Amino acid sequence: MPDRIPAWCGDFFCGADVAEHFPCRNFNCILIIYVYKMHRIWFTEISRRHRFLSPPTQGVAAMNKTILTALLAASAALSLGGAAQAANMVVNGSFEDPGFSLPTGSYCYLGGPYDCGSVNGWSGYFPLMLSNSGPWGNPNTPAGDVLIGIQGTSVAEQMLNLAPGTYTLSWIDAGRGNYGGPTEVYEVSVGGNVLSVETVGYGAGWMAKSLTFTAAGATMLRFAGQTQYDATAFIDNVAVNAVPEPGTYAMLAAGLGLLGLAARRQRARRAD
Ligand SMILES: [Ca+2]
């Protein structure tokens, strides 16, 4: 059974134990919406077993308000679900928050000359630069102002604190066009498994990349350069997002359908 968090009963906030103690019984409750959490996704369910309609002591306007409140609660729960899906599990995935400010047009290396010292969320050896860095050929990232390079045999890695499940990894890359070449080859691995080998040409434009993987728990994400010469692939906008299970979408759709049905029945009662 998934975790259940406080549910709404019409106008009244019922608490997590609504099914057991049913504190809404004294109110003019039209429907109850439970909000569940499963695999990081929030979804709603309308209880038919507990659904009841007492004599409308509060009148039609009050019942309409009850329906509206329930719909708003469901909408809020769905928004929570959207936020959960959108949560990027990569810390500082777009490199915009390295922990310091670079001078205009400048760059540094993590673990190398012009030492960055540290880069928030990341470890390894790689250059971090501003989008308008002249020495790097003005990489002009479309994702903010800061990016990194996988240069030669650079490594950029981060331990991801993941729950067991399926995830999408996405990022963008481009090729440095003012020095080195002709191509940079780098591996993308998760938990030591190489999931993709990318080849980025000299001066290549920005491209979106993505793949999916399953994780049993915390795991290491790594971008590792494979060339011995001085070519560079620019990397930015790294994101890892949980992939909801298909059943979750079905339950969300079913919940919305039940809400619509309840609203239609309510309108039918008013028309009688
Ligand atoms: Ca960025």
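A143 sits in the loop that links β6 to β7. In this predicted model, A143 counts as partly exposed, because 18 other C-beta atoms fall within 10 Å of its own, while a buried residue needs 20 or more. Leaving out residues up to four places away in sequence, A143 touches S94, I172, D236 and N237. V238 is 95 residues away from A143 in sequence, yet the two C-alpha atoms are 9.9 Å apart.

**Two positive phi angles**

N237, one of the contacts of A143, belongs to strand β14. Its phi is near 60°, a positive value in a residue that is not glycine. N237 is buried, because 22 other C-beta atoms lie within 10 Å and the cut-off is 20 or more.

F95 also has a positive phi, about 65°, and is not a glycine. F95 lies in the loop between α2 (59-86) and β5. F95 counts as buried because it has 25 C-beta neighbours inside 10 Å.

**A cis peptide**

The peptide bond between G181 and P182 is cis, with omega about 0°. P182 is located in the loop between β9 and β10.

**Strand pairing**

The protein has three helices and 14 strands. β6 takes part in several antiparallel pairings, including those with β5, β7 and β8. β14 pairs in the antiparallel sense with β7 and with β9. The table gives the bridge count for each pair, with one example of bridge partners.

| Strand pair | Sense | Bridges | Example partners |
|---|---|---|---|
| β5 and β6 | antiparallel | four bridges | Y107 and M129 |
| β6 and β7 | antiparallel | three bridges | M129 and L147 |
| β6 and β8 | antiparallel | three bridges | Y125 and V155 |
| β7 and β14 | antiparallel | four bridges | I150 and A233 |
| β9 and β14 | antiparallel | eight bridges | T168 and N241 |

M129 appears twice in these examples. It is the bridge partner of Y107 in β5 and β6 pairing, and its own partner in β7 is L147. On the β8 side of β6, Y125 is matched with V155. Strand β8 covers residues 155-160.

How many bridges join β9 to β14? Eight bridges connect these two strands, which run antiparallel. T168 and N241 form one of the partnerships, with N241 in β14. β7 reaches β14 through four bridges, and there I150 is matched with A233.

**The nonpolar core**

Which residues touch the most other members of the largest nonpolar core? They are L128, L147, I148, I150, A156 and I235, in a core of 34 residues. Several strands each supply at least two of its residues: β5 (107-110), β6 (123-130), β7 (146-151), β9 (165-175), β10 (183-190), β13 (219-225) and β14 (232-242). The largest share, six residues, comes from β14. β14 is also mostly covered, with nine of its 11 residues buried.

L147 ties several of these threads together. Besides being the bridge partner of M129, L147 is among the core residues that touch the most other members. Leaving aside neighbours within four places in sequence, L147 contacts F95, M129, S131, P139, T141, F234, I235 and D236. F95 in that list is the residue with the positive phi of about 65°. D236 is also touched by A143. I235 is another of the core residues that touch the most other members.

I150 has two roles as well. It is named among the same core residues, and it is bridged to A233 in β14.

**Whole chain and confidence**

Of the 272 residues in the protein, 32% are buried. Among contacts with a separation of 6 or more, 70% are between residues 24 or more positions apart.

The average pLDDT is 79, and 65% of the residues score at least 70. Over residues 38-43 the pLDDT is below 50, and this stretch has 27 contacts in the model beyond near neighbours in sequence. Residues 48-58 also have a pLDDT below 50, with 13 contacts beyond near neighbours in sequence.

Definitions and conventions
Residues numbered from 1 in each chain as written. Predicted model: local features only at pLDDT ≥ 70, side-chain atom pairs only at ≥ 80, totals over all residues. pLDDT = per-residue confidence, 0-100. Contact = placed C-beta atoms within 7 Å. Core = buried A, V, L, I, M, F, W, Y, C linked by C-beta atoms within 7 Å. Buried ≥ 20, exposed ≤ 12 C-beta atoms within 10 Å, placed from the backbone. Pairing = 2+ DSSP bridges.
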